[in-house]
Amino acid sequence: MSDQLTVRSVARQDYDRWLPLWDGYNAFYDRSGATALAPEITAMTWSRFFDAYEPVHALVAESGGQLLGLTHYLFHRSTIAIGPNCYLQDLFTVESARGKGVGRALIDGVCERAKLAGVPRIYWLTHQTNVTAMQLYAEQPGFVVYRKPC
């Protein structure tokens, strides 16, 4: 990257630059067009980042005045630990920034916030077909995720 890369908490004035990243992330997972998230979900997601009572947080990667990526993460309780866990829920970079350290910087940014909260590690999921992203990621613990509609 020719300009300095900064990873920071999202700010209210970032909405118009965050939204295309959010839309790109959702499109990657086939949530666009007829399967797009309802606008109220996006509105609620955005509002949670600025609600002190919500455990949901957002970071953005910025260079040269452009947002190049986003990550959303949340802290939650567990039955197997006293302290909280940190789940990195969403990670996305613009295509032109891929392979240039933006994704790694965003993951490191979440790790820094987790450490400040007393959380020793973060975890996340990705689709098994996302081979490009898996090359970036750390250890894979071997767990299989199941979902059941209720």
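In this predicted model, a convenient place to start is Arg 8, which stands opposite Val 60 in strand S2. Around this pair, strand S1 and strand S2 (residues 56-63) are joined in the antiparallel sense by four bridges. Helix H1 (residues 15-28) packs on the sheet here, touching S1, S2, strand S3 (66-76) and strand S4 (85-93). The direction of H1 makes about 70 degrees with that of S3.

Stepping back to the whole sheet, five strands form an open arrangement in the order S1-S2-S3-S4-S5, with mixed pairing. Strand S1 (6-9) and strand S5 (122-123) stand at the edges; each has a single partner strand, so one side of each is left without a neighbour in the sheet.

Further into the strand order, S2 and S3 run antiparallel and are joined by eight bridges, with Leu 59 having Thr 71 in S3 as its bridge partner. The hairpin of these two strands has two residues between them, and Gly 64 takes a positive phi near 60 degrees there. S3 is also joined to S4 by eight bridges, again in an antiparallel run, and Gly 69 stands opposite Thr 93 in S4. How enclosed is S3 by the rest of the structure? Nine of its eleven residues are buried, so the strand is largely enclosed. As a reminder for reading such strands, side chains in a regular strand alternate between the two faces of the sheet.

Helix H1 also holds Asn 26. Is this residue buried or exposed? Its relative accessibility is 3%, and because buried means under 20%, Asn 26 counts as buried. Leaving aside neighbours within four places in sequence, Asn 26 is in contact with Arg 31 and Leu 37.

Turning to the nonpolar interior, the largest core has 16 residues, of which Cys 86, Val 110 and Ile 122 touch the most other members. S2, S3, S4 and helix H3 (102-116) each supply at least two residues of this core, and the largest share, five residues, comes from H3. Which residues does Val 110 touch, not counting those up to four places away in sequence? The list is Leu 59, Thr 71, Tyr 73, Cys 86, Leu 88 and Ile 122; Leu 59 and Thr 71 are thus met again here, having appeared above as bridge partners. Apart from this core lies another, of 15 residues, which includes Val 10, Trp 22, Ala 58 and Val 60. Val 60 brings the description back to its starting point, as the residue opposite Arg 8.

How values were computed
Residues are numbered from 1 along each chain as its sequence is written. This is a predicted model: local features need pLDDT of at least 70, side-chain atom pairs count only at pLDDT 80 or more; totals for chains, interfaces and linings use all residues. Side-chain values use heavy atoms; hydrogens and water are left out. Two strands pair if DSSP finds at least two bridges between them. Contact means heavy atoms within 4.5 Å. Axes are lines fitted to C-alpha atoms, for helices over the stretch in contact, and angles run from 0 to 180 degrees between N-to-C directions. Buried means under 20% relative accessible area, exposed over 50%, partly exposed in between (1.4 Å probe, protein chains only). A nonpolar core is a set of buried Ala, Val, Leu, Ile, Met, Phe, Trp, Tyr and Cys residues joined through side-chain atoms within 4.5 Å.
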